[in-house]
Amino acid sequence: MNKSYEQSRRKFIRNAAAAGIIGAVGFNSLFTSCNGGKPREYDFPPMLPTAPDGPLLKAGVVGCGYRGTGAAINFLNAGPNLEIAALADVFQDRVDACRKQIKEKKGVEVSPDQCFVGINSFEKLMECDLDIVILATPPHFRPQHFEACVKAQKHVFMEKPIAVDPVGVRSVMVSAEKAKMLGLSVITGTIKRHQQDYIETFKQVNNGAIGEIVSANSYYNVGKLWHRNPRADWSELENMIRNWVNWCWLSGDHIVEQHVHNLDTVNWFVGKHPEKALGFGARHQRITGDQYDMFSVDFVYDKDIHYHSMCRQINDCSNSVSDRIQGTKGYTNCENSIFDLDGSIKWTFDYPKKGTGKNISRLQTNPFDQEHIDLVTSIRTNQAINEAFQIAESTLTGIMGRISAYTGKEVTWDEMMNSDLYLGPKTYTIGSVDIPKEVPKPGKAPAI
């Protein structure tokens with residue numbers, strides 16, 4: 001064991017011991033599950049078109065914006081005898097809009113006395129009679145909310161990513177181990193792991209269809225998302241939260257918030273996380289917040305496997321959301337095809353013969369619904385699923401790439417596991433936000 005790894009191990013022992021879990025499970029089982037090593041074995045749940053019937057399952061939603069509302073509807077689509085029973089958000093208008101859409105689209109009425117507003121509204125929701133909690137706030141808050149869910153012994157669906165900094169990722173790792181000990185199911189918003197074409201392609205690769213993996217490339221090059229201009233009647237904290245995809249402390253920057261889908265796919269197919277990263281990025285068009293609008297990162301796994309990751313959010317440019325993993329016997333797009341070294345097709349996924357348009361519409365089940373079908377099925381069959389560890393690794397991969405681009409320096413996984421970097425204010429008050437707001441500059445940005 002090298003010195004850096006041993007330092008990382010000792011520090012994580014202290015963090016986990018403080019959380020009170022080391023005595024019960026032992027450190028090695030916790031750290032090994034987050035530290036790569038041998039390729040993992042996968043036991044995929046059956047891809048059911050609907051979850052089995054069973055006793056009523058009640059869910060609450062923390063974060064009632066676009067994604068939280070969508071996840072609530074996906075949950076209700078998952079099968080019979082499901083209910084959204086409580087809502088929580090920082091803002092009243094978000095709760096009202098979510099409640100209205102759930103009623104209009106699914107005929108489910110959430111009682112007003114089960115709707116909570118404010119920074120600490122999640123605490124009131126945890127006191128409700130719930131089986132499941134859906135976490136869909138800006139990612140900064142995910143570690144705190146996940147910890148509260150596990151403490152309350154609730155099953156969890158949480159959107160990706162699960163943190164914005166190393167401190168948050170390690171918190172999620174600890175909570176994930178506690179959830180595992182309690183037999184709780186935790187599903188995360190990495191839809192490709194619940195998408196039949198990606199799963200079948202993974203099985204082909206895992207069975208040697210492309211030989212030994214030697215390199216990878218992925219792209220999330222798209223236009224800008226959205227922004228909201230400040231309003232005089234909103235405090236700085238409210239302006240930031242309502243504009244959260246443009247602030248690093250809330251979103252993690254888009255290499256973490258959006259590109260995590262690709263990072264997770266490559267980690268999944270390769271079977272581990274990268275050991276180091278060297279990247280660069282820039283801010284050309286973004287007009288609010290403190291984030292970059294492009295990144296290019298060289299991630300390196302053990303055995304000198306290089307993975308080039310590229311992501312960009314700038315309008316009027318060529319776009320691509322895709323992956324490619326190269327092996328000694330061929331390559332794959334990860335989605336639905338295996339190719340020989342000469343580019344000829346060796347295998348393609350056989351989509352159901354229905355529908356038209358994009359592949360996602362030709363799958364048997366919408367993967368956004370499938371995530372919740374798998375969650376409900378795991379609960380009703382008493383077969384717990386815990387995806388928190390894998391999304392923690394993928395989130396930390398993105399953070400490692402972001403920090404390298406911000407600083408212009410090579411960053412290692414062990415440094416991430418040792419880092420005390422925490423983004424955001426220590427306390428939340430409806431007023432000014434006392435954090436740095438400058439755009440990072442390579443060579444001058446603060447180190448980890």
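**Sheet architecture, helix packing and model confidence**

In the predicted model, helix H4 (residues 66-77) lies across four strands, namely E1 (57-62), E2, E4 (132-135) and E5 (155-158). Relative to E2, helix H4 runs at about 165 degrees. These four strands belong to an open sheet of six strands, whose order is E3-E2-E1-E4-E5-E6 and whose pairing is parallel. The edges of the sheet are formed by strand E3 (115-117) and strand E6 (186-188). Each edge strand has a single partner strand, so one side of E3 and one side of E6 are left without a neighbour in the sheet. From one strand to the next, the twist averages 20 degrees. At the E3 edge, strand E2 (residues 82-89) is joined to E3 by three bridges, and the two strands run parallel. Asp 89 has Val 117 in E3 as its bridge partner.

A second group of strands shows antiparallel pairing. Strand E7 (residues 213-222) pairs with strand E11 (residues 320-327) in the antiparallel sense, over eight bridges. Within this pairing, Tyr 219 stands opposite Ser 322 in E11. Strand E11 is also joined to strand E12 (residues 331-332), by two bridges and again in an antiparallel arrangement. Here Gln 326 has Tyr 331 in E12 as its bridge partner. The connection from E11 to E12 is a hairpin through three residues.

Two helix pairs were examined for their packing. Helix H7 (residues 142-151) packs with helix H8 (residues 166-182) at an angle of about 15 degrees, and the axes are 9 Å apart. Angles under 35 degrees count as roughly parallel, and H7 and H8 are therefore roughly parallel to each other. The crossing of this pair is left-handed. On the H7 side, the contact is made by Pro 143, Phe 146, Glu 147 and Val 150. On the H8 side, these residues meet Gly 168, Ser 171, Val 172, Ser 175, Ala 176, Lys 178, Ala 179 and Leu 182. The contact of H7 with H8 comprises seven nonpolar, three polar and two charged residues.

Helix H13 (residues 260-270) and helix H16 (residues 388-407) likewise have axes 9 Å apart, with a packing angle of about 120 degrees. H13 and H16 are therefore oblique to each other. Their crossing is right-handed. Val 260, Leu 263, Asp 264 and Asn 267 represent H13 in this contact. Their counterparts in H16 are Gln 390, Ile 391, Glu 393, Ser 394, Thr 395, Thr 397 and Gly 398. Of the residues in the contact of H13 with H16, three are nonpolar, six are polar and two are charged.

The confidence of the prediction was assessed along the chain. The mean pLDDT of the protein chain is 90, and 88% of its residues reach 70 or more. Residues 1-14 have pLDDT below 50, and beyond near neighbours in sequence this stretch has 26 contacts in the model. The pLDDT is also below 50 over residues 17-39, a stretch with 44 contacts beyond near neighbours in sequence.

Notes:
Residues are numbered from 1 along each chain as its sequence is written. This is a predicted model: local features need pLDDT of at least 70, side-chain atom pairs count only at pLDDT 80 or more; totals for chains, interfaces and linings use all residues. Side-chain values use heavy atoms; hydrogens and water are left out. Axes are lines fitted to C-alpha atoms, for helices over the stretch in contact, and angles run from 0 to 180 degrees between N-to-C directions. Angles under 35 degrees count as roughly parallel, over 145 as roughly antiparallel, 65 to 115 as roughly perpendicular and the rest as oblique. A crossing is left-handed if the near helix is turned anticlockwise from the far one by less than a right angle, and right-handed if clockwise. Contact means heavy atoms within 4.5 Å. Ala, Val, Leu, Ile, Met, Phe, Trp, Tyr, Cys and Pro count as nonpolar, Asp, Glu, Lys and Arg as charged, and the others, Gly among them, as polar. Two strands pair if DSSP finds at least two bridges between them. pLDDT is the predictor's confidence in each residue, from 0 to 100.
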